[in-house]
2 protein chains.
Amino acid sequence: MLLPVEPVFLKSLRDHVYGLLRDAIISGKLRSEEKLNERQLASQLGISTTPLKEALRVLEAEGLVRSEPRRGIYVTFNAAQAEEMMLARAAIESMIARQAAKRVSKEQVAQLRTLIVEMRAGLETVDVLELIALNERFHNVIHEASGCGYLRRLQSGQNIYTHTARLIVLSEERERFQAVEEHEAIANAIANHEADLAERLMRDHVIRSGEKHLLRVSQAEN
Amino acid sequence: MLLPVEPVFLKSLRDHVYGLLRDAIISGKLRSEEKLNERQLASQLGISTTPLKEALRVLEAEGLVRSEPRRGIYVTFNAAQAEEMMLARAAIESMIARQAAKRVSKEQVAQLRTLIVEMRAGLETVDVLELIALNERFHNVIHEASGCGYLRRLQSGQNIYTHTARLIVLSEERERFQAVEEHEAIANAIANHEADLAERLMRDHVIRSGEKHLLRVSQAEN
DNA sequence: ATCTGAAACTTGATATATCAATTCTTCGCA
DNA sequence: TGCGAAGAATTGATATATCAAGTTTCAGAT
């Protein structure tokens, strides 16, 4: 059996550049209000301006850069915006949870319950990587239960936490416990089709853990 | 005194084309799954492919078209997505209302109260255009009170209602009454700094009136 | 008749050249 | 010395040319 091709080669140049620039902006390598020169950046990356321009348009649509016609392109990202992106995540993710509570199937409820059990077990083993994977699967089940492809996509655009940030946050025992508690409450609300409750719990969960991530990020910068 | 130049000439070609295509997709002139040929479309519009490609990337970032590398660009918009965009609007707008309730100034509270009074007066005069303008100003005050530039931007990207749709919906007396009632309740919640309440009221308001808009749109299509 | 594969064709991906608006520099006049 | 206009330089906006992946078509073998 053959392995799939490395994703890098499947992505187009513009997608690659887009990811590159996004990471640079989110991680702070490109500072806010820093001017980006299309030609210079293109030659620096060893590409032409066409794919770069397309990548910049996507970043502009996401609100990470601002383009002033015939003047320049400026990075637009700071702590305040990071917080707003976290709030956006909370808003969208909680709306997804709301819809999931309405449409979840019995199989999906079972999946959620299984994941909760595994998370509880994971608390003991202290394997942070596994907990991160479980978290992702948990949210994925909810996303699928919601049946909201557009919201899911919109939500993924608000993601600004790096893998290392997740590692640091989940390495705290208190955080691990609280996260599992909250996940269980959310799972129960969805299982019971309590849309309002699921929405509220999810919103509070994302905001609370988000504030913790943001705190870590700002600490890491100083 | 000179009038400002027509906005058309201030916008770059790509922004113009972007708006053109977005309207065409939202209004249904371009059907879902319809294939867009870059060259054909460019020559049809009388432009080169460069600004068109940039416009298409923005639409792709917004989830209105889907680009399959070296295969084609396909329109992605249907009734289900329109509903999800409305839900996204509700989620984000309610998060904005939540923040506004925390940060609103006394002057802004006064502005909201004034607008409510004007809306009540407008109910009698039946000037729909003025009501639409008042609605917009009402939401704008809340947006400014929230201090959330990013959320505001994200929210504006979820707007799919045309001017005529607004006209039709607000031409119903029952809808006008209910909208003003809801606006007043939201204004009170924000004035009293009741973040949770403001969020919930705004969410329900956007969803309720949104469902009405969507109903009108789907009726207009058949 | 069906399947295979190579060639022609289509089309998005990428590169390069040109255009035009903005900014910067500099020279000259008050 | 300071202001301002002209022109050079910069740079994003736009147009055009080229490349390469994917699709289609059709001849030829089984």
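**Exercise 1.** How far does a polar side-chain atom of Arg14(B) lie from a phosphate oxygen of DNA strand D?

*Solution.* Begin with what is being read. This is a predicted model, in which local features need pLDDT of at least 70, side-chain atom pairs count only at pLDDT 80 or more, and totals for chains, interfaces and linings use all residues. Residues are numbered from 1 along each chain as its sequence is written, chains are lettered from A and ligands numbered from 1 in the order in which they are written, and side-chain values use heavy atoms, with hydrogens and water left out.

Step 1. The distance for Arg14(B) is 3.5 Å. A polar contact is a pair of N or O atoms within 3.5 Å; within protein, one must be able to donate a hydrogen and the other to accept it, and residues adjacent in sequence count only if both atoms are side-chain atoms.

Step 2. Leu13(B) also reaches a phosphate oxygen of DNA strand D, with a polar backbone atom at 2.7 Å.

Step 3. Arg39(B) reaches a base oxygen of DNA strand D with a polar side-chain atom, at 3.3 Å.

**Exercise 2.** Describe the protein surface near DNA strand D.

*Solution.* Step 1. There are 19 residues around the strand, where near means that a heavy atom of the residue lies within 4 Å. Among those that come nearest are Arg39(A) and Thr50(B). Of the atoms of DNA strand D that come within 4 Å of the protein, 66% belong to sugar and phosphate.

Step 2. Sort the residues by kind: five are nonpolar, six polar and eight charged. Here Ala, Val, Leu, Ile, Met, Phe, Trp, Tyr, Cys and Pro count as nonpolar, Asp, Glu, Lys and Arg as charged, and the others, Gly among them, as polar.

Step 3. Find the elements. Helix H3 (38–45) of chain A, with H2 (13–27) and H4 (49–62) of chain B, each supply at least two residues; H4(B) gives the most, three. Helices (H or I, at least four residues) and strands (E, at least two) are DSSP runs, numbered from the N terminus.

**Exercise 3.** Which side-chain contacts reach the bases of DNA strand C?

*Solution.* Step 1. An N or O atom in the side chain of Arg39(A) is 3.3 Å from a base oxygen of DNA strand C.

Step 2. Arg39(B) places a polar side-chain atom 2.4 Å from a base oxygen of that strand.

Step 3. For the surface near DNA strand C, H4(A) gives the most, with three residues.

**Exercise 4.** Describe how chain B meets chain A.

*Solution.* Step 1. Count contacts (heavy atoms within 4.5 Å): 34 residues of chain B touch 34 residues of chain A.

Step 2. The chains bury about 2,900 Å² between them, 60% of it on carbon and sulfur atoms. Buried area is the accessible area (1.4 Å probe) that two parts lose on being put together, summed over both.

Step 3. There are 10 salt bridges between the chains, each a side-chain nitrogen of Lys or Arg within 4 Å of a carboxyl oxygen of Asp or Glu. One of them joins Lys53(B) and Glu54(A) at 3.9 Å, N to O.

Step 4. Relate the copies. Chain B lies on chain A with an RMSD of 0.0 Å after a turn of 180 degrees and a shift of 0.0 Å along the axis. That is the relation of a two-fold axis. The superposition is by least squares on the C-alpha atoms of residues with pLDDT of at least 70 in both copies.

Step 5. The copies meet through the same surface, because 100% of the interface residues of chain B are also interface residues in chain A.
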